[in-house]
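Let's take a walk through this protein together. Have a look at the model first, and then we'll go through it piece by piece.

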Amino acid sequence: MDLLVVGSGFFGLTIAERAASAGKRVVVIDRRSHIGGNAYSEAEPETGIEVHRYGAHLFHTSNETVWEYVNRFTSFTSYQHKVYSHHDGVVYPLPVNLGTINQFFRAAYSPDEAKALIREQAGEFDVKTAQNFEEKGIALIGRPLFEAFFRDYTAKQWQTDPKQLSGDIVSRLPVRYTYDNRYFNDTHEGLPTDGYTAWLERMADHPNIEVRLDTDFFDASQPLNKDAIVGTVPVVYTGPVDRYFDYAEGELSWRTLDFEQEVVPVGDYQGTSVMNYPDAQYPYTRIHEFRHFHPERDYPKDKTVIMREFSRFASRDDEPYYPVNTPEDRERLLRYRALAEGEDRVLFGGRLGTYQYLDMHMAIGSALSMFNNKLEELL
Ligand code: FDA
């Protein structure tokens with residue numbers, strides 16, 4: 001073995017594939033019983049509909065190097081993501097755009113008229129002096145839209161009244177003064193034609209790559225554990241950085257999600273893939289309906305799979321999904337980075353290893369640059 005990769009998500013698999021293609025023998029371990037990290041998907045058994053087990057994943061990128069690389073393993077459909085929001089018994093398009101504004105105010109504003117209206121409503125607070133998330137949100141888009149689409153939604157995401165949340169967690173709330181409601185602005189967008197797992201399996205399908213599942217790096221009873229391996233071969237570690245150091249500098253905080261999946265006996269439940277529920281009366285934040293990610297597929301016409309999403313703070317045993325990133329977290333992270341520098345031929349990468357929210361294209365892009373700039377010389 002020339003390299004051990006801990007974690008088989010997009011970061012780990014990109015590293016493994018590059019090293020294997022350069023002639024190195026790579027072992028990838030993952031503590032889960034499947035490859036792919038959070039991008040993993042599987043067919044729901046009753047309907048055959050592809051479900052993203054760890055939350056909906058939409059691929060999009062403007063990075064040409066990443067786009068060229070990912071197309072070696074999969075083609076992409078022409079899916080374009082759009083999100084709607086169910087507020088007070090009415091459905092609106094998101095991100096907030098001219099269509100949302102005109103529907104909400106029952107008006108026919110031109111782009112300039114809508115801009116003037118939002119500017120006037122946002123004047124209630126100043127972005128620079130806003131004291132908390134609520135004041136900042138109002139300073140960005142005005143009270144009526146903030147209260148309708150963001151106040152209670154944010155309260156559900158953070159289980160905290162937005163008046164008690166720091167304004168730092170929001171820098172902008174997107175408003176478009178056109179009727180364009182495409183969710184992403186990237187050059188390339190789509191879903192892997194044969195699904196995420198087929199894509200991830202093709203990345204791992206190389207004679208120089210061995211994947212060992214159900215294998216935890218910190219389990220001393222398995223031979224490729226941290227104490228036995230570090231210092232003997234290069235390691236790329238994509239698990240949580242605080243766990244690696246046994247939480248010596250304290251725990252980094254995360255939010256997690258709970259998913260409630262249901263097969264519903266109708267051909268189409270909500271007419272679209274993602275519907276937000278920003279109002280306080282619904283305990284969930286959104287409902288996903290997976291059939292709409294692949295309208296080109298021949299799915300059953302009398303059943304559909306929906307998934308309600310709930311958000312809360314994570315404890316150590318929960319799946320970490322979104323970094324909370326408090327000032328204390330940022331200080332702890334700096335101390336962990338200093339510790340990481342001192343490790344012998346261990347590189348830390350991916351969303352857990354760097355404590356950052358990374359989209360898939362960012363995880364793949366940063367793995368490609370880690371391979372070229374840091375890892376190749378260690379191998
Ligand atoms: P990832 O978490 O995928 O993989 C890490 C792996 O390491 C896991 O398989 C884990 O089991 C393993 N591991 C951890 N500790 C270990 C140990 N001790 N021993 C062995 N293995 C260990 N992106 C995007 O582009 N579009 C989207 O729509 C979305 N949607 C989305 C929704 C939600 C809810 C989340 C949380 C995230 C997204 N993402 C996304 C982001 C996407 O999930 C992310 O880019 C990839 O998961 C990053 O891949 P990594 O390899 O960094 O981590």
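A good place to begin is the annotation: an unreviewed UniProt entry puts the feature "domain: UDP-galactopyranose mutase C-terminal" at residues 148–357. Keep in mind that what you're looking at is a predicted model. In it, the C-alpha atoms at the two ends of residues 148–357 sit 26 Å apart, and the span is 23% helix and 20% strand.

Now for the domains. The assignment splits the protein chain into domain 1, pieced together from 3–80, 189–253 and 318–375, plus domain 2 (83–170) and domain 3 (254–313). Going by C-alpha atoms, the centres of domain 1 and domain 2 are separated by 35 Å.

Next, peek inside. The largest nonpolar core is made of 76 residues, and Leu4, Phe10, Phe59, Val70, Tyr196, Trp199 and Ile364 have the most contacts within it. Helix H6 (residues 143–158) supplies the largest share of this core, with six residues. Zoom in on Val70: setting aside neighbours within four places in sequence, Val70 touches Phe59, Phe76, Trp199 and Ile364. There's also a second, separate core of 16 residues, with Val5, Ala20, Val236 and Phe371 among them.

Last stop, the pockets. The second largest one has a volume of about 530 Å³. It is lined by 23 residues, and the closest to its centre are Glu341, Leu347, Phe348, Met370 and Lys374. Which elements give two or more residues to that lining? They are helix H10 (327–341), strand E16 (346–348), helix H11 (350–354) and helix H12 (360–375).

Conventions. Residues numbered from 1 in each chain as written. Predicted model: local features only at pLDDT ≥ 70, side-chain atom pairs only at ≥ 80, totals over all residues. Heavy atoms only, no water. UniProt positions renumbered as here; feature names shortened; annotations may be inferred. Helix = DSSP H or I, 4+ residues; strand = E, 2+ residues; numbered from the N terminus. Core = buried A, V, L, I, M, F, W, Y, C linked by side-chain atoms within 4.5 Å. Buried < 20%, exposed > 50% of the residue type's maximum accessible area, 1.4 Å probe, protein only. Contact = heavy atoms within 4.5 Å. Domains from an automatic or database assignment. 1 Å grid on protein atoms, 1.4 Å probe; cavity = no way out; pocket = protein on both sides within 12 Å on 5 of 7 lines; lining within 4 Å. Points joined across faces, edges and corners; volume = space filled by probe spheres on them.
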